[in-house]
Structures are given as C-alpha cells and as structure tokens.
Amino acid sequence: MKAIHVLNGPNLNLLGTREPDVYGHETLADIEARLSAVAALQNVTLHFRQSNHEGDLVTWIQDAGRAGEPVILNAGAYSHTSIAIFDAIKGSNAHVIEVHLSNIHAREHFRHHSRLSAAARGVIVGFGSRSYDLALQALLFAPTTGES
Ligand code: CA2
C-alpha cells in the first residue's frame with residue numbers, strides 16, 4: 001500500500017471551531033498532521049481532503065478505487081443520505097473504512113442509519129478524532145485482502 005485517502009465531507013472544515021462538546025477541540029489540520037506522521041513512518045502517503053460537495057467525494061472515491069488505494073471516509077451528514085456515495089464505493093470497488101467522530105447511534109434518530117455502512121469494509125464510530133487513528137491502524141497493521 002503506497003497511499004491512503006482520508007476523505008471528509010460537509011462541515012468538517014468547522015471542526016475545532018464550534019460544538020467542541022460533540023466533536024472535540026482538534027481541527028481537521030490537527031488530525032491530518034497526526035495521521036500523516038504515522039503514515040510517513042510506514043512509507044505511506046496520506047491524501048487528506050475535505051469538501052462540502054457530494055460530487056467531490058464521489059469523484060475522489062472513484063479515483064481511489066481505480067488506483068486500488070484504501071479510503072478512510074467521514075462523509076459527514078451525507079453518510080445518512082447519499083445513494084451517490086454508496087454507488088461510488090460499490091461501483092469503484094473502493095476499500096473504505098467509514099469513520100465518525102461521534103457515536104451516531106447515541107444521537108438523534110436521523111443519524112442512526114448510515115447509507116454507506118453496507119458498502120464499507122468496516123465502520124469506526126464514537127472515538128472522537130481517534131476514530132481516524134483507529135482506521136489508519138487497521139489499514140496499516142491489520143490489512144485484509146487487496147490492501148497490503
Ligand atoms: O460524528 C461524525 O463524524 C459525523 O459524521 C459528523 C457530521 C454529522 O452530520 C454526522 O451525523 C456525524 C457533522 C460534521 C459537522 O462538523 C461540525 C464540526 C464543528 C461544528 C459544526 C459542525
């Protein structure tokens with residue numbers, strides 16, 4: 001594995017600026033710096049991106065799937081709504097670990113279901129920004145077929 005894509009959806013650019021009780025104090029840049037350092041030690045390049053636009057996530061997932069490179073995906077609120085992102089994961093055969101900062105199952109009812117989980121290889125929720133670290137650890141140290 002030479003590269004890992006960390007893809008972030010809508011409003012995650014606000015991380016660390018509001019709602020720290022729900023999402024913590026770290027910014028997305030803080031998370032990127034920490035994960036990049038861990039990945040670099042394993043000679044893996046991290047492509048860390050955020051977009052508020054559903055189509056960007058679709059394109060990036062397709063690109064990763066085509067390249068055979070795994071994805072850590074926090075699609076934000078699109079997790080609960082997006083058939084397009086589900087189709088992108090399925091259609092490109094992308095290896096996706098879905099992550100959420102918060103425990104979506106302990107929050108409002110409309111957050112309990114993710115449309116993406118059925119297409120993901122695994123799901124990590126509720127560990128704050130450490131959900132991303134756990135996903136990276138899984139990709140680096142517990143690879144399954146097609147990842148290593
Ligand atoms: O817990 C997660 O990681 C979520 O994917 C975050 C999404 C939410 O819609 C999902 O249900 C669960 C929201 C991201 C918005 O992040 C903000 C951060 C700071 C201030 C406002 C929003």
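This is a short talk about the strands, the ligand site and two unusual asparagines in one protein structure.

Okay, hi everyone. One thing before I start: the model is predicted, so keep that in mind while you look at the picture.

Let's begin with strand 1, which covers residues 3–8. Is this strand buried or exposed? Six of its six residues are buried, so the rest of the structure largely encloses it. If you're new to this, here's a handy rule: in a regular strand, side chains alternate between the two faces of the sheet. Now look at how that plays out here. Ala3, His5 and Leu7 point one way, while Ile4, Val6 and Asn8 point the other way, and all of them are buried.

So who sits beside strand 1? On one hand there's strand 2, residues 45–50, and the two pair in the parallel sense over six bridges. If you want a spot to find on screen, go to histidine 5, whose bridge partner in strand 2 is histidine 47. Strand 1 also pairs with strand 3, residues 71–74, again in the parallel sense, over four bridges. Here you can look for leucine 7, because its bridge partner in strand 3 is leucine 73.Let's carry on along the sheet. Strand 3 and strand 4 pair in the parallel sense too, over three bridges. In that pairing, isoleucine 72 stands opposite isoleucine 97 of strand 4. Strand 4 runs over residues 96–100 and is mostly covered, with five of its five residues buried. Both of its faces are covered: you'll find Val96, Glu98 and His100 on one side, Ile97 and Val99 on the other, and all are buried.

Now for the ligand. Where does the ligand sit? The space it takes up is the largest pocket. There are 17 residues around the ligand, and the ones that come nearest are Asn74, His80, His100, Leu101 and Ser102.

Let's zoom in on some of the atoms. Leucine 101 uses its backbone: an N or O atom there lies 2.7 Å from an oxygen atom of the ligand. With serine 102 it's the side chain, where an N or O atom is 2.5 Å from a ligand oxygen. Then there's arginine 111, with a polar side-chain atom 2.9 Å from an oxygen atom of the ligand. How much of the ligand does the protein bury? Taken alone, the ligand exposes 510 Å², and the protein buries 94% of that.

I'd like to go back to asparagine 74 for a second. We met it as one of the residues that come nearest to the ligand, and asparagine 74 also lies in strand 3. Its relative accessibility is 3%, so it counts as buried. The asparagine 74 side chain also makes a polar contact with the side chain of tyrosine 132, at 3.2 Å.

Last stop: the backbone. Most residues other than glycine have a negative phi. Which residues go against that here? One of them is asparagine 11, with a positive phi near 75°. You'll find asparagine 11 in the loop between strand 1 and helix 1, residues 20–23. Another is asparagine 43, where phi is positive as well, near 60°. Asparagine 43 is in the loop between helix 2, residues 28–41, and strand 2. At 69% relative accessibility, asparagine 43 counts as exposed, whereas asparagine 74 counts as buried.

That's my tour, thanks for listening!

Methods. Residues numbered from 1 in each chain as written. Predicted model: local features only at pLDDT ≥ 70, side-chain atom pairs only at ≥ 80, totals over all residues. Heavy atoms only, no water. Buried < 20%, exposed > 50% of the residue type's maximum accessible area, 1.4 Å probe, protein only. Pairing = 2+ DSSP bridges. Near = heavy atom within 4 Å. Polar contact = N/O pair within 3.5 Å; in protein donor to acceptor, adjacent residues only side chain to side chain. Areas by Shrake-Rupley, 256 points an atom, 1.4 Å probe, with all protein chains shown as cover. 1 Å grid on protein atoms, 1.4 Å probe; cavity = no way out; pocket = protein on both sides within 12 Å on 5 of 7 lines; lining within 4 Å. Sits in = over half its atoms within 2 Å of the grid points.
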